[in-house]
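User: I am new to reading protein models, and I would like a close look at one part, the pockets and whatever sits in them. Please take me through it slowly and in connected sentences.

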Amino acid sequence: MGYRMVLEPETTSRIAIYPGSFDPVTKGHLDLIARGAQIFDQLIVAVAQNSEKDPLFDAKERVEMLEAVTFEYKNVEVDLFEGLLVNYARSQNARVILRGIRAVSDYEYELQMAMMNRKIEEQLETVFMIPAMAYSYLSSRLVKELARLGGSVKDFVPPIVEERLRAKLGAKS
Ligand code: ADP
């Protein structure tokens, strides 16, 4: 008659951190957040305050946009962090770092970072997810470039981000 797999009840909830610059959040990020929210008990989207020297949106604006577009997910929260990601993960009791891989070109850098984080904190696992094909070429950098040149970013970012980009750069809708 085959067998039935018995799963042990979880004693602790699985908290994952999804760190990044999110300057600004794109539909690719959102795709990953939706996937992560289904797998983990709690997903903390953590905006790096010090990752880029000259961001288009300041950290507060990036958090505001993320909060608005993740509002519907009850197990997703948005936070800011500074300094070492490993220390932040520890402070949140998180055992998992979630990162997205779009193409092979992302892999090398992501692997380096995951290995470095593992060296610092053995218990911390990095989990990679891939977005829907439609977002596999999408980056915040390209969205900003497109917006700066007056192109439409409607297909790539949620409406609130489109509005903020337009206000800042005069992007077309
Ligand atoms: P960082 O500066 O840390 O790379 P980003 O905001 O650019 O921050 O990206 C945060 C994470 O989201 C990274 O793991 C990145 O690979 C992933 N990511 C970015 N864009 C996409 C996308 N279109 N699809 C899937 N993952 C993505």
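Analyst: In this predicted model, a careful place to begin is the second largest pocket, whose volume is about 300 Å³. Its lining is made up of 17 residues, and those lying nearest its centre are N93, A94, R95, V96 and Q123. Helix α3, which spans residues 85-91, gives the most to this lining, with 3 residues. Sorted by class, the lining of the second largest pocket holds 7 nonpolar, 4 polar and 6 charged residues.

From there we can turn to the largest pocket, which contains about 1000 Å³ of space. This pocket is lined by 41 residues, and G20, S21, R99, Y109 and E110 are the ones closest to its centre. Several elements take part in the lining, for β1, α1, β4, α4 (104-120), β5 (125-129) and α5 (140-148) each supply at least two residues. Among these, α4 gives the most, with 9 residues. When the lining of the largest pocket is divided by class, it has 19 nonpolar, 14 polar and 8 charged residues.

What occupies the largest pocket? The space taken by the ligand is this very pocket, and we can therefore go on to ask which residues surround the ligand itself, where a residue counts as near if one of its heavy atoms lies within 4 Å. There are 15 residues around the ligand, and Y18, S21, F22, G100 and L138 come nearest. In terms of elements, β1 (15-20), α1 (27-39) and β4 (96-100) each supply at least two residues of this shell. By class, the shell around the ligand comprises 7 nonpolar, 5 polar and 3 charged residues.

Some of these neighbours can be described atom by atom, and in the contacts that follow the partner is an oxygen atom of the ligand. For G100, a backbone N or O atom lies 2.6 Å from an oxygen atom of the ligand, and for F22, a backbone N or O atom lies 2.9 Å from such an oxygen atom. R99 takes part through its side chain instead, with a polar side-chain atom placed 3.1 Å from an oxygen atom of the ligand. Taken on its own, the ligand has 550 Å² of accessible area, and the protein covers 86% of it.

To bring the picture together, R99 is among the residues closest to the centre of the largest pocket and also has a polar side-chain atom 3.1 Å from an oxygen atom of the ligand, while S21 is likewise among those closest to the pocket's centre and is one of the residues that come nearest to the ligand.

Notes. Residues numbered from 1 in each chain as written. Predicted model: local features only at pLDDT ≥ 70, side-chain atom pairs only at ≥ 80, totals over all residues. Heavy atoms only, no water. Polar contact = N/O pair within 3.5 Å; in protein donor to acceptor, adjacent residues only side chain to side chain. Areas by Shrake-Rupley, 256 points an atom, 1.4 Å probe, with all protein chains shown as cover. 1 Å grid on protein atoms, 1.4 Å probe; cavity = no way out; pocket = protein on both sides within 12 Å on 5 of 7 lines; lining within 4 Å. Sits in = over half its atoms within 2 Å of the grid points. Helix = DSSP H or I, 4+ residues; strand = E, 2+ residues; numbered from the N terminus. Nonpolar A, V, L, I, M, F, W, Y, C, P; charged D, E, K, R; others polar. Points joined across faces, edges and corners; volume = space filled by probe spheres on them.
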